[in-house]
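Dear colleague,

I am handing over the structure below, together with a short account of what came out of going through it. Please read the notes alongside the coordinates.

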Amino acid sequence: MITSTSNETIKQIRKLRDRKYRDETTLAYVEGIRIVIEAIEQRVEIERILIADSFASEPKHIDLTELIQKRDIETTHVSDEVFRSLSQKDGPQGIAAVVKQNWKTIGQFSQPMKGLWVCLWEVADPGNLGTILRTMDAVNATGLILAGNCTDPYDPAAMRASMGAIFTKTLVKSNLSDVVELVKHNNVFSVATSDAANVGYRAIRYSQDMLLVMGSERQGLPQEFEAMCNQVVKIPMLGSCDSLNLAVATAIVLYEILNQVQPG
């Protein structure tokens with residue numbers, strides 16, 4: 001059992017709070033029973049599982065032991081004090097994991113592009129990003145393209161908001177020009193949202209295989225994205241506010257797509 005907060009392994013794990021270190025190591029720290037189980041069940045590459053002393057005596061730990069043993073995952077037991085030094089949660093549950101990040105590239109897309117995809121342009125808020133991933137899981141979307149300077153889906157706040165959905169969706173890093181080329185060469189049916197659009201989001205027919213493009217919280221979408229899309233739609237705003245939260249707006253359109261392609 002590790003009992004020192006200055007242990008070298010613990011210090012390296014603590015550094016995963018920093019995005020630069022996550023990018024360098026391609027690792028991430030996830031915490032909580034539900035998200036650790038999701039990582040195990042989705043066969044995420046797990047470097048190690050951390051179990052606090054107090055959690056080791058919980059009945060829930062016994063339930064997890066079989067899962068951990070089946071995957072032959074390295075397990076590290078730590079004191080409660082050490083675990084608290086790693087945790088960014090109030091009332092930590094005492095279980096966490098260090099996982100390998102999993103990214104795809106535009107070049108790995110199948111031809112033609114299949115399934116429901118979401119592209120986010122320069123999403124800045126990790127809570128929004130995690131919530132969008134959770135909604136995508138709910139509607140059984142295939143994957144997420146992060147275009148431009150986006151927040152990190154492996155940020156602890158994004159992973160908490162995703163409730164484990166980060167491990168169920170394909171993640172792609174890209175840029176504006178590559179996404180435009182992808183849509184053009186794959187003849188992908190694509191829809192963008194804009195408050196300046198003339199067509200309501202419920203007035204068009206969506207496809208089972210398509211790309212939904214959503215803009216940044218502050219600046220919306222570049223003209224190049226709107227120009228590449230088959231349709232640009234708006235969500236009606238009847239009050240005095242001029243915009244919706246990005247995660248809410250994305251969820252509204254995703255559920256309209258679901259309603260049309262899988263009615264009932």
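Of the 264 residues of the chain, 50% count as buried, where buried means under 20% relative accessible area and exposed over 50%, with partly exposed in between (1.4 Å probe, protein chains only). This is a predicted model, in which local features need pLDDT of at least 70 and side-chain atom pairs count only at pLDDT 80 or more, whereas totals for chains, interfaces and linings use all residues. Residues are numbered from 1 along each chain as its sequence is written, and side-chain values use heavy atoms, with hydrogens and water left out.

The chain holds 11 helices and 11 strands, taken as DSSP runs numbered from the N terminus (helices H or I, at least four residues; strands E, at least two). Its C-alpha trace spans about 60 × 40 × 40 Å along the principal axes.

One element that I looked at in detail is helix H9 (residues 176–186), in which Leu176, Val179, Val180, Leu182, Val183 and Asn186 are buried. These residues cover an arc of only 160° around the axis, which puts them on the same side of H9; the arc is that of the directions from the helix axis to the C-beta atoms. The cover over the buried residues of H9 includes strands E5 (116–121), E6 (143–147), E7 (170–174), E8 (190–193) and E10 (210–214), as well as helix H10 (223–228), with contact meaning heavy atoms within 4.5 Å. Lys184 and His185, both exposed, sit on the face of H9 turned away from its buried side. After H9 comes Asn187, with a positive phi near 50°.

With best regards
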